Amino acid sequence: MLTNTGLTMNDWNDFEDVMLNGTQAEQDNWDCWMKRYLTEHVSCGECECPDDDPFE
């Protein structure tokens, strides 16, 4: 599934780390961007994430 979105296992590992250890603001941003990648914006429309894309 990650490959189809352009993400890697390293991206996923970083995401998990932030979800476990990041600040609430970091978690909110990473979660928003992960949802955008996984759903191709279907579930969020063109939602605005709180900060820059951490996967770039």
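Two rings of Phe, Tyr or Trp count as an aromatic pair if their centres lie within 6.5 Å, with the six-membered ring used for Trp. With that in hand, welcome to a short tour of this predicted model.

**Figure 1. W30, Y37 and F55 gather into one aromatic cluster.** This close-up is a good place to start, as three rings come together here: W30, Y37 and F55. Within the cluster, Y37 and F55 form an edge-to-face pair, with 5.5 Å from centre to centre and 80 degrees between the planes. The pair connects distant parts of the chain, since Y37 belongs to helix α3 while F55 sits in the segment after α3, 18 residues apart. Is F55 buried or exposed? F55 is buried, because its relative accessible area of 10% falls under the 20% cut-off.

**Figure 2. W12 and F15 pair up within helix α2.** The structure holds three aromatic pairs, and here is one of them: W12 and F15, with ring centres 5.2 Å apart and planes at 35 degrees, a tilted arrangement. Both residues lie in helix α2, and the three residues that separate them along the sequence amount to about one turn of the helix. How do the two partners compare in their exposure to the surroundings? W12 is partly exposed, with a relative accessible area of 28%, whereas F15 is buried, at 8%. The labels differ because buried means under 20% relative accessible area, and partly exposed covers values from there up to 50%.

**Figure 3. Helix α2 packs against helix α3.** Here you can follow residues 9-21, which make up α2, beside residues 24-39, which make up α3. The two axes are 9 Å apart and meet at an angle of about 145 degrees. As α2 passes α3, the crossing is left-handed. On the α2 side, the contact is made by D11, W12, D14, F15, V18 and M19; on the α3 side, by E26, Q27, W30, D31 and M34. These contact residues divide into six nonpolar, one polar and four charged. Look out for some familiar names here: W12 and F15 from α2, and W30 from α3.

**Figure 4. R36 lies over the face of W33.** This view shows a charged side chain and an aromatic ring, with R36 at 4.6 Å from the ring centre of W33.

**Figure 5. The whole chain follows the pattern α-α-α.** Stepping back, you can find three helices and zero strands in the protein chain. Of its 56 residues, 32% are buried. Among contacts between residues at least 6 apart in sequence, 22% join residues at least 24 apart.

Definitions and conventions:
Residues are numbered from 1 along each chain as its sequence is written. This is a predicted model: local features need pLDDT of at least 70, side-chain atom pairs count only at pLDDT 80 or more; totals for chains, interfaces and linings use all residues. Side-chain values use heavy atoms; hydrogens and water are left out. Axes are lines fitted to C-alpha atoms, for helices over the stretch in contact, and angles run from 0 to 180 degrees between N-to-C directions. Helices (H or I, at least four residues) and strands (E, at least two) are DSSP runs, numbered from the N terminus. A crossing is left-handed if the near helix is turned anticlockwise from the far one by less than a right angle, and right-handed if clockwise. Contact means heavy atoms within 4.5 Å. Ala, Val, Leu, Ile, Met, Phe, Trp, Tyr, Cys and Pro count as nonpolar, Asp, Glu, Lys and Arg as charged, and the others, Gly among them, as polar. Rings of Phe, Tyr and Trp (its six-membered ring) pair if their centres lie within 6.5 Å; planes under 30 degrees apart count as stacked, over 60 as edge-to-face and the rest as tilted. Buried means under 20% relative accessible area, exposed over 50%, partly exposed in between (1.4 Å probe, protein chains only). A charge sits over a ring if NZ of Lys or CZ of Arg is within 6 Å of the ring centre and within 35 degrees of the ring normal.
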